[in-house]
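Reader: I have a model open and would like to learn how to read its features one at a time. Where do we begin?

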2 protein chains.
Amino acid sequence: MSTRGAREIEFWLDFGSNYSYLSVMRIEALAAARAVRVVWQPFLLGPIFASFGWSNSPFVLQKEKGEYVWQDMVRQCRKYGLPWRQPTQFPRLGVLPLRVMLAGAGAPWIAEFARRVMLLNFHLDGDINAPAEIGAILTALGQPAAALLAQAASDPVKQALRAQTEAARVRKVFGAPTFLVGGEMFWGNDRLEDALELAAAASP
Amino acid sequence: MSTRGAREIEFWLDFGSNYSYLSVMRIEALAAARAVRVVWQPFLLGPIFASFGWSNSPFVLQKEKGEYVWQDMVRQCRKYGLPWRQPTQFPRLGVLPLRVMLAGAGAPWIAEFARRVMLLNFHLDGDINAPAEIGAILTALGQPAAALLAQAASDPVKQALRAQTEAARVRKVFGAPTFLVGGEMFWGNDRLEDALELAAAASP
């Protein structure tokens with residue numbers, strides 16, 4: 001949990017979420033420039049949507065909004081200088097990389113791992129839930145892939161992801177990306193800078 | 001309809017929409033600074049939501065999102081220097097002022113009328129569908145209130161609002177505010193500047 005007075009931002013993300021992609025690619029540099037620490041909070045958006053009675057992402061359930069979102073993503077990626085290819089499968093399940101995030105919580109390679117998983121989904125159009133793909137990313141980052149994948153498949157880590165998702169629900173997270181700063185919620189990549197400004201205003 | 005090459009932006013708005021409030025207050029100055037003409041496109045969001053099977057605004061139907069929106073509005077209004085009071089009734093029906101917008105389409109007082117109706121809803125917490133309130137705004141703007149209210153209640157204007165709402169549906173508008181520039185859609189107050197930049201890039 002974030003405490004008031006700390007220069008930190010909680011970043012609640014799901015690797016299947018296209019607007020989370022934008023924030024994953026942007027947050028580390030923006031936070032570092034403001035001396036704000038990023039607290040990565042991986043969770044599963046699907047169960048949150050299910051708690052609203054939705055069987056899928058609103059971008060799938062609501063045809064007009066879904067069509068719009070892909071148009072918006074092209075422009076947003078151009079604006080931020082990010083690569084983009086509309087995934088042939090959406091939303092992709094990203095349970096495995098979310099578990100790896102928890103297995104490696106606090107490690108220095110976490111941010112770069114998150115970026116590569118997002119690029120796999122939204123640039124390379126690859127399967128982010130495939131052990132071979134995720135293992136290759138870990139190896140490229142110089143990490144022990146087999147050990148981390150085994151840890152990600154362990155009961156404590158599985159339970160940790162369930163607990164994260166339940167924590168998101170309790171804290172009234174209803175979408176991703178969501179940023180929490182000292183108890184205040186900011187929803188969506190469009191609010192990343194505002195959330196960081198609030199975090200940067202806290203005492204060091 | 002907007003045509004490619006024209007420096008104009010279509011602004012689809014409903015007076016009940018809180019994010020439309022932000023754009024109504026901001027658009028005229030921002031557009032003028034870029035020599036872009038604003039084409040006001042009043043419509044009723046309720047029938048659009050109904051076409052998705054929703055009985056109300058998602059900010060009402062979805063409790064967590066609704067709570068967030070009021071927190072977001074406080075911050076957004078502070079950021080833009082706009083007054084804000086959370087309406088005691090939401091969403092307010094604004095059929096009458098939407099019809100007045102159509103009765104006065106193209107008149108120079110339209111933008112200021114829209115701002116005053118929005119302030120009535122989101123600052124003064126007043127009934128935007130009351131003839132006395134809307135008449136007072138028209139009088140304050142030096143317009144013939146009785147004649148305009150009568151015109152707003154006429155069959156052609158009623159039909160014009162129905163046609164606007166149907167046009168919104170056909171053009172796949174799914175929320176408000178929505179901006180259309182040369183066939184491209186931008187949804188939400190957060191995209192107002194992007195939409196204006198595209199409009200400003202057209203030949204004069």
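Author: Begin with a single residue: Asp125(A) is partly exposed, with 13 other C-beta atoms within 10 Å. This is a predicted model, and every value here is computed from it.

Reader: Where is Asp125(A) placed, and what is its phi?

Author: Asp125(A) sits in the loop between α6 (110-122) and α7 (131-140) of chain A. As for the backbone, most residues other than glycine have a negative phi. Asp125(A) departs from that, with a positive phi near 55°.

Reader: Which other residue of chain A that is not a glycine has a positive phi, and is that residue buried or exposed?

Author: Ala35(A) has a positive phi of about 55°. The loop that holds Ala35(A) runs between α1 and β2 of chain A. Ala35(A) counts as exposed because its C-beta atom has 10 others within 10 Å, and the cut-off for exposed is 12 or fewer.

Reader: How should I read the peptide bonds?

Author: Look at omega; most peptide bonds are trans. In chain A, the bond between Phe90(A) and Pro91(A) is cis, with omega about -10°. Pro91(A) belongs to the loop between α4 (63-80) and α5 (95-103) of chain A. In chain B, a cis bond joins Ala176(B) and Pro177(B), with omega about 0°. Pro177(B) is in the loop between α9 (155-170) and β3 of chain B.

Reader: Next, sheets. What is the strand order in chain A, and which strands are at the edges?

Author: For a sheet, read the order, then the pairing. Chain A has an open sheet of four strands in the order β2-β1-β3-β4, with mixed pairing. Its edge strands are β2 (37-42) and β4 of chain A, each of which pairs on one side only. Direction ignored, neighbouring strands of this sheet are turned by 25° against each other on average.

Reader: How many bridges join β1(A) to β2(A), and what lies across these two strands?

Author: β1 (residues 8-13) and β2(A) of chain A run parallel and are joined by six bridges. One of the bridge pairs is Ile9(A) with Val38(A) in β2(A). Helix α1 (residues 18-33) of chain A lies across both strands and runs at about 165° to β1(A).

Reader: Turning to chain B, how does β3(B) pair with β1(B) and with β4(B)?

Author: β3(B) pairs with β1 (residues 8-13) of chain B in the antiparallel sense over three bridges, with Glu10(B) facing its bridge partner Leu180(B). β3(B) and β4(B) also run antiparallel, joined by four bridges; there Thr178(B) has Trp187(B) as its bridge partner. The hairpin of β3(B) and β4(B) has two residues between the strands, and Gly182(B) takes a positive phi near 50° in that hairpin.

Reader: Which residues of β3(B) are buried on each side?

Author: Thr178(B) and Leu180(B) are buried on one side, Phe179(B) and Val181(B) on the other, and both faces of the strand are covered.

Reader: What is the general idea for a helix?

Author: An α-helix has 3.6 residues a turn, so residues three or four places apart point the same way. In α4(B), the buried residues are Tyr68(B), Val69(B), Asp72(B) and Gln76(B). Down the axis of α4(B), its buried residues fall within an arc of 110°, so they line one face of the helix. The face turned away from that buried side carries the exposed residues Lys63(B), Val74(B) and Arg78(B).

Reader: What covers the buried residues of α4(B)?

Author: The cover includes β4 (184-187) of chain A, together with α1 (18-33) and α3 (58-61) of chain B.

Reader: Since chain A takes part in that cover, how do I read the contact between the chains?

Author: Count residues on each side, then ask which elements supply them. Here 14 residues of chain B are in contact with 14 residues of chain A. On the chain B side, α4 (63-80) and β4 (184-187) each supply at least two residues. The largest share, six residues, comes from α4(B). By type, the chain B side divides into five nonpolar, two polar and seven charged residues.

Conventions
Residues are numbered from 1 along each chain as its sequence is written. Chains are lettered from A and ligands numbered from 1 in the order in which they are written. This is a predicted model: local features need pLDDT of at least 70, side-chain atom pairs count only at pLDDT 80 or more; totals for chains, interfaces and linings use all residues. Two residues are in contact if their C-beta atoms, placed from the backbone, lie within 7 Å. Ala, Val, Leu, Ile, Met, Phe, Trp, Tyr, Cys and Pro count as nonpolar, Asp, Glu, Lys and Arg as charged, and the others, Gly among them, as polar. A residue is buried if 20 or more other C-beta atoms lie within 10 Å of its own, exposed if 12 or fewer, and partly exposed in between; C-beta atoms are placed from the backbone. The arc is that of the directions from the helix axis to the C-beta atoms. Two strands pair if DSSP finds at least two bridges between them. Axes are lines fitted to C-alpha atoms, for helices over the stretch in contact, and angles run from 0 to 180 degrees between N-to-C directions.
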